[in-house]
Amino acid sequence: MIDRTLDSSVCGMPCPPEVLERVFRLLTPRDLCTCACVNWYWYLLSSQDQIWQPHVDHGSSTWTSVSNQRVDNPGDESSGFPQKRYYLRYRPDGHPPSPVVSQMYRRLMQFTRRYKFAFFGSGMEMTNSKRIARAILGTGDSANDLFVQTGIHPGRRGVGSGFCVRMADRYNLIACFFYSNARSIRETRQPGQPYSSLLFSGDSMTVIPNVREAFQEMDGLVYVVNAVKSQDCATMDKEDMLSLVNCAPPTTPLLVLSACGSPDQERIPATTMANHLLELDRTGRKWYLQDVLESDLSGLEEGLVWLIQHTSSLL
């Protein structure tokens, strides 16, 4: 409850709280945060769930990317306002700016360092999203100007092999692909069954040692999931994804590519995929989910650039 006997004046003139609430409903999230800095009363009034709910509803249906880059502060008073906290935590532009010196250092490293990323997930091998892997390799009808293959990475003991790739003529990547079983086995798997016997021990959720070691050496993780609404791939593969992600150190960032074949297909919204289906906060690390279209690869570069930037921030 908000104590409405507190000062609600504007420029020294009395202003009924109902009027302030109506004004706050017309403001953008950025303006609301500015108003919250005026005084304690404005903070409480501008942080109410009924004021932030429309922004959350709009964002949940329109955001094409979601992240958890803003970490909740236990001492943050906004913890009592779940809608405001949700918006500030998951909005795509939620990460705080880095110091100028750090930005310059990271930018230099982005152009000189070679980043080793693990690409995995049944989405890489399904009809509506498998073109993503071929596009990164620049093979077949997926050849493009964004990726140029420059060499081969051998891996160790047959695991973690991949290809050296130049992205956007700026970034050097080592793309290591972790594929699952044959199509006939994938298409008949049951819920709760690991999608890849090549990565797990038998029917258990235990990752085989060689794969675990390979994930521990990665700079970043890229999980590809099919986001077509009619196919419940995320729910089926969630536990598999978590088992593999947990093989990497908690400082290793995770990029999720939520892929659809074309704009005509009804896709699962980014916030639903991240928070309700995949439950990405369970990974205990920085994560970023980006919607990607297989038809034109829109969103792919944006997601990989985020992963590069957050890998560089660990240096």
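Begin by selecting Glu 239, which at 36% relative accessibility counts as partly exposed; the model open in the viewer is a predicted one. Add Arg 282 to the selection, and a salt bridge between the two side chains comes into view, with the closest N and O atoms 3.3 Å apart. Glu 239 lies in helix H10 (residues 233–245) and Arg 282 in the loop between H11 and strand E8 (287–293), so the pair ties together parts that are 43 residues apart in sequence. Arg 282, at 44% relative accessibility, is likewise classed as partly exposed.

Next, select Asp 291 together with Arg 267, whose side chains meet in a salt bridge with an N to O distance of 3.3 Å. Here too distant parts of the chain are linked, since Asp 291 sits in strand E8 while Arg 267 belongs to the loop between strand E7 (254–260) and H11, 24 residues apart. Asp 291 counts as buried, its relative accessibility being 10%. Now widen the view to Lys 238, Glu 239, Glu 279 and Arg 282, which are joined into one network by salt bridges that share partners.

A further stop is Lys 116, which forms a salt bridge with Glu 217 at 3.7 Å between the closest N and O atoms. This pair also connects distant parts of the chain, with Lys 116 in strand E2 (residues 114–120) and Glu 217 in the loop between helix H9 (209–216) and strand E6 (220–226), 101 residues apart. Which of the categories buried, partly exposed or exposed applies to Lys 116? With a relative accessible area of 15%, Lys 116 is buried, whereas Glu 217, at 34% relative accessibility, counts as partly exposed. In total, the structure holds 8 salt bridges.

Turn now to the strands and colour them by their position in the sheet: 8 of them form an open sheet in the order E1-E8-E7-E6-E2-E5-E4-E3, with mixed pairing. The edges are taken by strand E1 (65–67) and strand E3 (147–153), each of which pairs on one side only. Neighbouring strands of this sheet are turned against each other by 25 degrees on average, direction ignored. For a closer look at one pairing, select E3 and strand E4 (residues 162–167), which pair in the antiparallel sense over 6 bridges; within E4, Phe 163 is the bridge partner of Ile 152.

With the sheet still displayed, show the helices that lie across it. H10 lies across E2, E6 and E7 and runs at about 165 degrees to E6, while H11 lies across E1, E6, E7 and E8 and runs at about 140 degrees to E8.

Finish at helix H4 (residues 49–62), whose 14 residues reach 20 Å from the first C-alpha to the last, close to the 20 Å expected at 1.5 Å a residue. Where along H4 are the buried residues? Select Ile 51, Trp 52, His 55, Val 56 and Gly 59, which are buried. Looking down the axis of H4, one finds its buried residues within an arc of 120 degrees, so they line one face of the helix. As background, an α-helix has 3.6 residues a turn, so residues three or four places apart point the same way. On the face of H4 turned away from its buried side are the exposed residues His 58 and Ser 61. To see what covers the buried residues of H4, display, among other parts, helix H1 (17–24), helix H2 (29–35), helix H3 (40–46), helix H5 (82–90) and helix H11 (270–277).

Notes
Residues are numbered from 1 along each chain as its sequence is written. This is a predicted model: local features need pLDDT of at least 70, side-chain atom pairs count only at pLDDT 80 or more; totals for chains, interfaces and linings use all residues. Side-chain values use heavy atoms; hydrogens and water are left out. Helices (H or I, at least four residues) and strands (E, at least two) are DSSP runs, numbered from the N terminus. The expected span of a helix is 1.5 Å times one less than its number of residues. Buried means under 20% relative accessible area, exposed over 50%, partly exposed in between (1.4 Å probe, protein chains only). The arc is that of the directions from the helix axis to the C-beta atoms. Contact means heavy atoms within 4.5 Å. A salt bridge is a side-chain nitrogen of Lys or Arg within 4 Å of a carboxyl oxygen of Asp or Glu. Two strands pair if DSSP finds at least two bridges between them. Axes are lines fitted to C-alpha atoms, for helices over the stretch in contact, and angles run from 0 to 180 degrees between N-to-C directions.
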